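Colleague: I'm new to this one, so please pick a single loop, take me through it closely, and then show me what lies elsewhere in the chain.

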Amino acid sequence: MLTRTNPKNGEALSALGFGVMRLPSKKTPDETGAVALLREAVRSGVTYFDTAFVYSGGRNEQLLGKALSGEYRGLARIATKLPPYMIGKLDAAKKMLATELARLQTDHVDYYLMHMLMDRAMLDRLAGLGVLAWLEDLKRQGVVRNIGFSFHGVKDDFAELIRAYPWDLVQIQYNYLDENAQATRDGLRLAASLGIPVVVMEPLRGGQLVANLPEEVLSAFAAAHPEWSPAEWALRWLWDQPEVTVVLSGMGDAKELAENVRIAAECRPGSLGEAERAVFERVKGILLEKTKVPCTGCYYCMPCPYGVDIPGCFQQLNDKHRVKGAHGVFKYAQALGALSARPGFASICTECGKCEPKCPQRIAIRKELKAVAREMEGPLFRPVVGAARFVMRSGRRRKGEVHGEGHPHG
Ligand code: SF4
Ligand code: SF4
């Protein structure tokens, strides 16, 4: 595993970090498998592990704490986060950190980040509550070793925030499709110029740079390096840049871990050539044209109180435009649970607006869901889905699987 030096404290961090947020995953659905995977990562040389107070209602921190207990703790750096939007008083922050330390089974946090710090006003509010002074005191005691923030806002706010405090680390969303979005490449370079290490999240844009890519993209990649997968292309783009310290990947199984460890061992800054850069320019153009909604599938907006599967709706719309012959409407109906008791269709949205403030991508969710409903749920959609449900229920009734409805004693 190649390491990169944290310019602020001289610590060697593995170029590949583990984004724990999505564990347990579909591929490792049980806690035992997830713990084994995290420990395998440590044995493979991964030293940076990222979680947060809010992930899975605290179970994510507990899982990481379990995985890194005992001999593993000294080999790993734990990054976790404090959610400023849940803090009204300093005492609330103190209780949260105490909870996090207990969940993580540790007496210190290596990297403690303000979660989704959006602008200077949020930082000033935290300073006004005494949160920053308290953290600095904890740093002197060694309870919090480094203070940072994670960011999902816009470029100008990033530039202001990064200069506003002597941060020990920053975490940004960055990948070849988001080169000019959120913090942007300029923001990355600005942070590096200030001597602040940068951790990259969403390197594959929630899987969008890997799954269901258009044929033109796959051909462009294959023509240049048939042996590189789309994920490898995306990771190589990041590690090519010397300003990137750690790239977080949400690996779901041992195969993905081994693959990423292999790539991380090969990628030094400046390792891409002009030919590869030209491929990225072409691929970016194709993907940007076909991406209708920039949803990363992070699920921060969920659950919707009315049952809309918000990321699922956006994924189906994007796939319909990206993939040739995708049978978009059929897949939409299927993926959104047309035959289930509570489908998550876009048209169910009541426009209550509860989801929008939670979206790090600042997507106008209500407006975009209307567009999804317009495109995916034409006039025949509901009658066809209703007929399919009727046929399914009739079949099940014949087999005696449906009870109650229509039963003489029901
Ligand atoms: S605005 Fe629509 S999608 Fe968002 S929480 Fe309300 S009902 Fe759900
Ligand atoms: S709509 Fe926003 S919050 Fe919801 S999954 Fe997509 S990016 Fe995440």
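Modeller: Let's start at Gln182, whose place is in the loop between β8 (169–173) and α7 (184–193). Those labels are DSSP runs numbered from the N terminus: H or I over at least four residues for a helix, E over at least two for a strand. Keep in mind that this is a predicted model: local features need pLDDT of at least 70 and side-chain atom pairs count only at pLDDT 80 or more, while totals for chains, interfaces and linings use all residues. Residues are numbered from 1 along each chain as its sequence is written, with chains lettered from A and ligands numbered from 1 in the order in which they are written.

What catches the eye in this loop is phi of Gln182, near 55°, a positive value in a residue other than glycine. Most residues other than glycine have a negative phi, and most peptide bonds are trans. On the peptide side, there are two cis bonds to look at. One runs from Leu23 to Pro24, with omega near -15°, and Pro24 sits in the loop between β3 (16–19) and α1 (31–43). Another joins Met302 and Pro303, with omega about 0°; Pro303 belongs to the loop between α11 (274–290) and α12.

Back to β8, which leads into our loop: it is one of eight strands that close into a barrel, in the order β3-β4-β5-β6-β7-β8-β9-β10, with parallel pairing. (Two strands pair if DSSP finds at least two bridges between them.) Neighbouring strands of this sheet are turned by 25° against each other on average, direction ignored; the axes are lines fitted to C-alpha atoms, for helices over the stretch in contact, and angles between N-to-C directions run from 0 to 180 degrees. For a sample of the pairing, take β6 (residues 111–114) and β7 (residues 147–151), which run parallel and are joined by three bridges. Leu113 has Gly148 of β7 as its bridge partner.

Now the ligands. Ligand 1 has 15 residues around it, and Cys304, Val308, Cys349, Cys352 and Cys355 come nearest; being near takes a C-beta atom, placed from the backbone, within 6 Å. Helix α14 (residues 365–376) gives the most to that shell, three residues. Ligand 2 also has 15 residues around it, with Cys295, Cys298, Cys301, Pro311 and Cys359 coming nearest. Here the largest share, three residues, comes from helix α12 (residues 310–322).

Stepping back, the chain has 15 helices and ten strands. Its radius of gyration is 23 Å, close to the 22 Å that the globule rule gives for 410 residues, so the chain is as compact as a globular protein of that length. (That radius is taken over C-alpha atoms, and the rule is 2.2 Å times the number of residues to the power 0.38.) As for trust, pLDDT is the predictor's confidence in each residue, from 0 to 100; its mean over the chain is 91, and 94% of the residues reach 70 or more.
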